[in-house]
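Colleague: Could you take a careful look at one part of the surface with me, and then place that part within the chain as a whole?

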Amino acid sequence: MTPWHPAPSSRAVRIASVALVLLLGLAFAAAYFTRQTDLFSLLPPDGTAPDFSAAQRQDLHRTFFTIWAALVLAAPALAFFVLRRESALLGSLWRAFWTASLVAFAVHFYWAVVVMFGNDWSRILHTSRVSAPRLDTVFAVWWCVDVALAWLYRGEPLWVRVQRWLVHALAFILFFMGAAREGELLASRVLGWSFAAVVVAAFGWKLWMRRPRAPQPAR
């Protein structure tokens, strides 16, 4: 079997890079223009006292909006992942968007851990704002490993394919649950369900393309 590897494509990298810059720019702009509004609560879920001050509101908004950016980029990344073997371009788009989403997630992770919580893991591990901090951290490291493999390892043997499907499945679960089920705003829940719809549509398209076709009658 010929080793599979997404073909290099500067076009795919350009598309994903532009999307990344635009979405992060929108995230920071939205945080700036909403810094005086009570868009996201300073109270943690089920909390009785604020865990952040009003002076941190803009950084709080940056934390939320950057994870939205990562989610929006992850939607095409997971869809292209499902379809990545259908063409070289789709494989390249998967790798480019999977990487771009990781960069946006890294910005979110930095803002959440370092800026908002001051790198205080005792707070992070015991706040209701973060439902699964250990799992999120393991996922972030695993994501970095898979992106490194996608760019540096030419081939997709069984062990790479298995871990890749697992980390993409985990990404789907964490993004969907975090937005659609735990989202504080209606916009977050809409993004979560839209994200799921894009991925499900990719699976549906793949199944439709692979369906057995009736033989054409001879003329």
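Modeller: The part I would choose is a nonpolar surface patch of about 310 Å², which is made by Val13, Trp151 and Leu152. Please keep in mind, as you look at these side chains, that the model is predicted. Of the residues in the patch, Trp151 lies in helix α5, which covers residues 133–152. Trp151 has a relative accessible area of 38%, and because buried means under 20% and exposed means over 50%, Trp151 is classed as partly exposed. A value of 38% also passes the patch cut-off, since patches are made of residues with over 30% relative accessible area.

From this patch we can step back to the chain around it. Helix α5 belongs to a chain with 7 helices and 0 strands, and from the N terminus on the elements run α-α-α-α-α-α-α. The C-alpha trace of the chain spans about 75 × 35 × 30 Å along its principal axes. If we count contacts between residues at least 6 apart in sequence, 71% of them join residues at least 24 apart.

The surface can be described for the whole chain as well. Buried residues make up 42% of the 219 residues, while the chain exposes about 12,100 Å², of which carbon and sulfur atoms supply 69%. As for charge, the chain has 21 positive and 11 negative side chains, and the centres of these two sets lie 16 Å apart.

Methods
Residues numbered from 1 in each chain as written. Predicted model: local features only at pLDDT ≥ 70, side-chain atom pairs only at ≥ 80, totals over all residues. Heavy atoms only, no water. Helix = DSSP H or I, 4+ residues; strand = E, 2+ residues; numbered from the N terminus. Buried < 20%, exposed > 50% of the residue type's maximum accessible area, 1.4 Å probe, protein only. Contact = heavy atoms within 4.5 Å. Areas by Shrake-Rupley, 256 points an atom, 1.4 Å probe, with all protein chains shown as cover. Lys, Arg positive; Asp, Glu negative; His and termini not counted. Charge placed at Lys NZ, Arg CZ, Asp CG, Glu CD. Patch = residues over 30% accessible without salt bridge, like charges linked within 9 Å, V, L, I, M, F, W, Y side chains within 5 Å. Salt bridge = Lys/Arg side-chain N within 4 Å of Asp/Glu carboxyl O.
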